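Colleague: Before I take any label in this model on trust, I would like to go through the reasoning behind a few of them. Could we set each value against its rule, one at a time?

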Amino acid sequence: MARNIFRGLGIALITPFTPEGDVDYPALKRLVEYQLDNGADFLCILATTAETPCLTRDEKDRITALIKEVVHGRIPILKYCGGNNTAAVIEELKSTDWSGIDGILSICPYYNKPSQEGLYQHFKAIAAVSPLPLVLYNVPGRTGVNMKAATTVRIARDCSNVVAIKEASGSLEQVDEIIKNKPDHFEVISGDDALTFSMVASGAAGVISVIGNALPKEFSRMIRLEFNGEYDPARKIHHMFTELYSLLFVDGNPAGVKALLNDMGFIENRLRLPLVPTKIETKQKMADILRELRF
């Protein structure tokens, strides 16, 4: 029976670009080293926050190779592989070199809006061929369909290599239902920075975080305090981030966190179309908050 190793602070890693729009590999290397030095427990690579739909196959291969080289086995790596064509996902799972990767994140099929039975059959089919432990990803705001708690628990019970779900439905009630009914080997991971404090307090195993790209040290400290039952100091950190949570996503993801990283001197404030940088006023508000936090 596979067990979930993706616990604590996971980073939904961004992809930095040069002013010309190419992947900025030196900046990516610095960012990964920053995560390793400041409390990241695992990395989640080439998913939504990485602007993966706008990357070429060669770029994705080079990014993966660089991250594996820098991490060098020090923390687990969770890599995305998903889509809305079950057969294509299965083929990618079979044809990809997964060496140096510790698990696979796979999203609910988007756009074609399958039923709950369709979601179950999709994940059952890919779990049957997955060479690594599988983490489900439920994010109805992007996919157009919510995988209900009963479906998640059914998949977890029937597929022993499905070890967790990145739950980003925004429903704490749904999270509670999954945690209450899940099998022992299966865990819930927050997919929403703003709800992470509440989800961990309810029994979630951690978060796959956007804000952690920029501020991993304090965000990981909040989670560790909660794991130790020290909720009051953890809550104080959560409240320090309250305004930042909303500003990060007001102009879309990863526009907000890229603006923050730009202000910190890590990367160029560059995205690939159809995404564009966050508005100047939003960027300024975040820069003001960053100064106040004095990290």
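Colleague: Why is Glu51 called buried?

Modeller: In this predicted model, the relative accessibility of Glu51 is 2%, and since buried means under 20% relative accessible area, Glu51 counts as buried. Glu51 is found in the loop between strand 2, residues 42-45, and helix 2, residues 57-71.

Colleague: What is phi of Glu51, and what makes it worth noting?

Modeller: Phi of Glu51 is near 55°, which is a positive value in a residue other than glycine. Most residues other than glycine have a negative phi. His72 also has a positive phi, near 50°, and is likewise not a glycine.

Colleague: Where does His72 lie, and is His72 buried or exposed?

Modeller: His72 lies in the loop between helix 2 and strand 3, the latter spanning residues 77-80. Because exposed means over 50% relative accessible area, the value of 66% puts His72 in the exposed class.

Colleague: How do you know whether Thr49 is buried or exposed?

Modeller: Thr49, which is found in the loop between strand 2 and helix 2, has a relative accessibility of 4%. That value is under the 20% limit, so Thr49 counts as buried.

Colleague: Which residues does Thr49 touch, leaving aside those up to four places away in sequence?

Modeller: Thr49 touches Ala12, Leu13, Ile14, Thr15, Val210, Asn213, Asn253 and Pro254. Of these partners, Val210 is 161 residues from Thr49 in sequence, yet the C-alpha atoms of the two are 7.2 Å apart in space.

Colleague: What makes the peptide bond from Asn253 to Pro254 notable?

Modeller: The peptide bond from Asn253 to Pro254 is cis, with omega near 10°, and Pro254 has its place in the loop between helix 11, residues 242-250, and helix 12. The bond from Leu273 to Pro274 is cis as well, with omega near 15°, and Pro274 lies in the loop between helix 12 and helix 13. Most peptide bonds are trans.

Colleague: Why are Glu187 and Arg7 said to meet in a salt bridge?

Modeller: The rule asks for a side-chain nitrogen of Lys or Arg within 4 Å of a carboxyl oxygen of Asp or Glu, and the N to O distance between Arg7 and Glu187 is 3.1 Å, so the pair qualifies as a salt bridge. Because Glu187 lies in strand 7, residues 187-190, and Arg7 in the segment before strand 1, residues 8-12, the pair ties together parts that are 180 residues apart in sequence. Glu187 is buried, with a relative accessible area of 17%, whereas Arg7, at 37%, is partly exposed.

Colleague: How do you know that Asp263 forms a salt bridge with Lys283, and what does the pair tie together?

Modeller: The closest N and O atoms of Asp263 and Lys283 are 2.7 Å apart, which satisfies the 4 Å limit, so the pair counts as a salt bridge. Asp263 lies in helix 12, residues 255-263, and Lys283 in helix 13, residues 280-293, so parts that are 20 residues apart in sequence are tied together. Asp263 is partly exposed, with a relative accessible area of 34%, while Lys283, at 18%, counts as buried.

Colleague: Which salt bridge does Asp288 form, and how far apart are the two residues along helix 13?

Modeller: Asp288 forms a salt bridge with Arg291, the closest N and O atoms being 2.3 Å apart. The two are 3 residues apart in helix 13, and so are separated by about one helical turn. Asp288 counts as partly exposed at 30%, and Arg291 is exposed at 52%. By the rule we have been using, the count comes to 10 salt bridges.

Colleague: What makes the protein chain as compact as a globular protein of its length?

Modeller: The protein chain has 13 helices and 8 strands. Its radius of gyration is 18 Å, close to the 19 Å that the globule rule gives for 295 residues, so the chain is as compact as a globular protein of that length. Of the 295 residues, 56% count as buried.

Terms used. Residues numbered from 1 in each chain as written. Predicted model: local features only at pLDDT ≥ 70, side-chain atom pairs only at ≥ 80, totals over all residues. Heavy atoms only, no water. Helix = DSSP H or I, 4+ residues; strand = E, 2+ residues; numbered from the N terminus. Rg over C-alpha atoms; globule rule 2.2 N^0.38 Å. Buried < 20%, exposed > 50% of the residue type's maximum accessible area, 1.4 Å probe, protein only. Contact = heavy atoms within 4.5 Å.
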